[in-house]
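This report walks through a protein model one topic at a time, beginning with its cysteines and then moving to its sheet, its aromatic rings and one of its helices. Please keep the structure in view while reading.

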Amino acid sequence: MNVDEAARVPVVIVGAGPVGVTAALLLARRGVRSVVLERHRDVYPLPRAVANDDEIHRILQAAGVGEEFTAISRPAGGLRLLDARHRVMAEFRRSPHGHHGYPQSSMFDQPELERVLRDALAERPECELRGGVEVTGVGPDTAGPVRVTYRDGDGGEHELWAEAVLGCDGANSLTREAIGGVWEDLRFEEKWTVIDAETTGPVRCWEGVDQVCDPDRPGTFMRVNETRYRWEFRLREGEGQETVRDLIAPWLPPSYDGDFDVVRETQYTFRARVADRWRSGRVFLLGDAAHLTPPFIGQGLCSGLRDAYNLTWKLARVLQQGAPEGLLDTYERERRPHARHVVRLAVAMGWAMTGGQDGAATLRRRALAAACRIPGLTELAGRDLSPPLTAGPLVRRGVRRGLAGTCCPQPWVNVGGRRTRLDEALGDSFAVLTATEPGPSLTALAHGLGVHALPVSHLGDDGTLAAWLRAGRADAVLLRPDRVVLDVVPAGGRDFTSTAAWAALLHTTRSPVLSEQAVDKSLLRSTP
């Protein structure tokens, strides 16, 4: 076996899909080196994921490709439920200005997103992508350093020794097998055919997603970009294969015989599963290796990118600053219940929109029609699909749920005469935002974390942050690097509610080792 000269690396990432590359970029921005191992030499060229939400756009911003993603995506209007005759049963609008500073829902082509991510990866000296290789083993010792073996295209055997391994290697994950993880089946399995097509023809559509609630032939339809469209249809048991033209006929004029290029036609089995364990020692599961989500609410890729955002700042803090190992325990504790909730929500939406017989469909249409006449219901249903994180060591929630576990909004702010997004102003570390001038204890705590206690009135936003604190009955919040609220100072209080509970997890023994870009990123570092 050939042993690489630089066989020891901080992090090995198995899989260079969107989740793996985003994790590498997030680590690089914190100065952590990684090697990404991928069996394909280039981006897989066919479309797969086509939708994400504003929280995910914010994560891509944190990875350094926010503006690039804006350039290749388009805002989506929301979701419509149609009956079997394509009459609108309900409509759930999505705002072009979401909580996280971007459109609540966006459409995109996954190969384009992957090229954007790969281009950014190529510019980072902390990252190395090794394509055309097959990972053959992880471990057996997962406590670290962890041995990863792989085979290159010439049949040569190689090994790496990593302080941590991130398994972003999909549903058939070798990494999951290596840590002894098995699937928890959430009891949803359906076979669907998926059609991606290019046409300049007069396709009947709107600026969002259509879900056809037909128990005989449920389907989903959306326009991805100016000429790209996606259709998905549930397959009947034992049916013969219908032609693409038969399936998409309701969306095109009967006499249309112009251009229509099928980019991809394939069959998928939509499943709902969550791995029973996401971590063993320093080996972690992310994305489809950890959870499989039916596509009805467009959250499959979103959940994987949330995994990457949640884990990378914690891992960097342990590797770079000597934070305690217990900090890494919070990854699965926070992400697994959240992902399970999203999977169950997707299953529920799938059954509501596609399940049942003719009688149930009639009742459903009547119930939806009546429900949509309730003032504000469709607006409520159109809110964020991502729930708050459950209470834990890094989410200090009291009797009232409040702001802890939720993400702070991201308005445009003005700092030092420069207009920018909030996260760019705050940088990559913790942040303390206050409704008023901070007192000595808050100032001292912020200093201990290496950040400023910053009154939101100094940020020059449009009042969004002050209103958010007021609505949450908080005089101050402690934001984690992933912009989740860790703890609050209740209105009228002086200190955070549970400092003793989380301080030990955030204690570090070394100064951070940051890349030059990470150091320069925050506009507030020089603020007195």
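## Cysteines

Cysteine 213 has a relative accessible area of 4%, so this residue counts as buried. Cysteine 205, by contrast, counts as partly exposed, because its relative accessibility is 29%. Since the model is a predicted one, these values describe the prediction.

A disulfide is a covalent bond between the sulfur atoms of two cysteines. How many disulfides does the count come to? The count comes to zero, where the rule asks for a pair of cysteine sulfur atoms within 2.5 Å.

## The open sheet

Strands of a sheet pair through backbone hydrogen bonds, either parallel or antiparallel. In this model there is an open sheet of eight strands with mixed pairing, and its order is β6-β5-β13-β14-β15-β12-β16-β19. The edge strands are β6 (88–93) and β19 (291–292), each of which pairs on one side only.

Strand β13 (residues 209–212) is a useful place to look at the pairing in detail. With strand β5 (residues 78–82), β13 pairs in the parallel sense over four bridges, and within this pairing arginine 80 has aspartate 210 of β13 as its bridge partner. With strand β14 (residues 219–223), β13 pairs in the antiparallel sense, again over four bridges, and here glutamine 211 has threonine 220 of β14 as its bridge partner. β13 and β14 also form a hairpin, with six residues between them.

Are the residues on the two faces of β13 buried or exposed? Both faces are covered: Val209 and Gln211 lie on one side, Asp210 and Val212 lie on the other, and all of these residues are buried. Elsewhere in the sheet, β12 and strand β15 (residues 228–234) run antiparallel and are joined by seven bridges, and the partner of alanine 197 in β15 is tyrosine 229.

## Aromatic rings

A search of the whole structure finds 18 aromatic pairs. One of them is formed by phenylalanine 188 and tryptophan 351, which are edge-to-face, at 5.5 Å centre to centre and with 80° between the planes. Because phenylalanine 188 lies in strand β12 (residues 183–198) and tryptophan 351 in helix α8 (residues 326–354), the pair ties together parts that are 163 residues apart in sequence. Phenylalanine 188 counts as buried, because its relative accessibility is 2%, whereas tryptophan 351, with a relative accessible area of 45%, is partly exposed.

The rings of phenylalanine 496 and tryptophan 502 form an edge-to-face pair too, because their planes stand at 75° and their centres lie 6.4 Å apart. Both phenylalanine 496 and tryptophan 502 are buried.

Phe188 and Trp351 also belong to one aromatic cluster, together with Trp192, Tyr268, Phe270 and Phe296. A ring can also be met by a charge: the charged end of arginine 419 sits over the ring of tryptophan 412, at 4.4 Å from its centre.

## Two sides of a helix

Tryptophan 502 appears again in helix α14 (residues 499–506), whose buried residues are Trp502, Leu505 and Leu506. These buried residues cover an arc of only 95° around the axis, and therefore they are on the same side of α14.

What is found on the other side of α14? There, Ala500 and Ala504 are exposed.

Note on methods: Residues numbered from 1 in each chain as written. Predicted model: local features only at pLDDT ≥ 70, side-chain atom pairs only at ≥ 80, totals over all residues. Heavy atoms only, no water. Phe/Tyr/Trp six-rings, centres within 6.5 Å; stacked < 30°, edge-to-face > 60°. Buried < 20%, exposed > 50% of the residue type's maximum accessible area, 1.4 Å probe, protein only. Lys NZ or Arg CZ within 6 Å of the ring centre and 35° of its normal. Arc of directions from axis to C-beta. Pairing = 2+ DSSP bridges.
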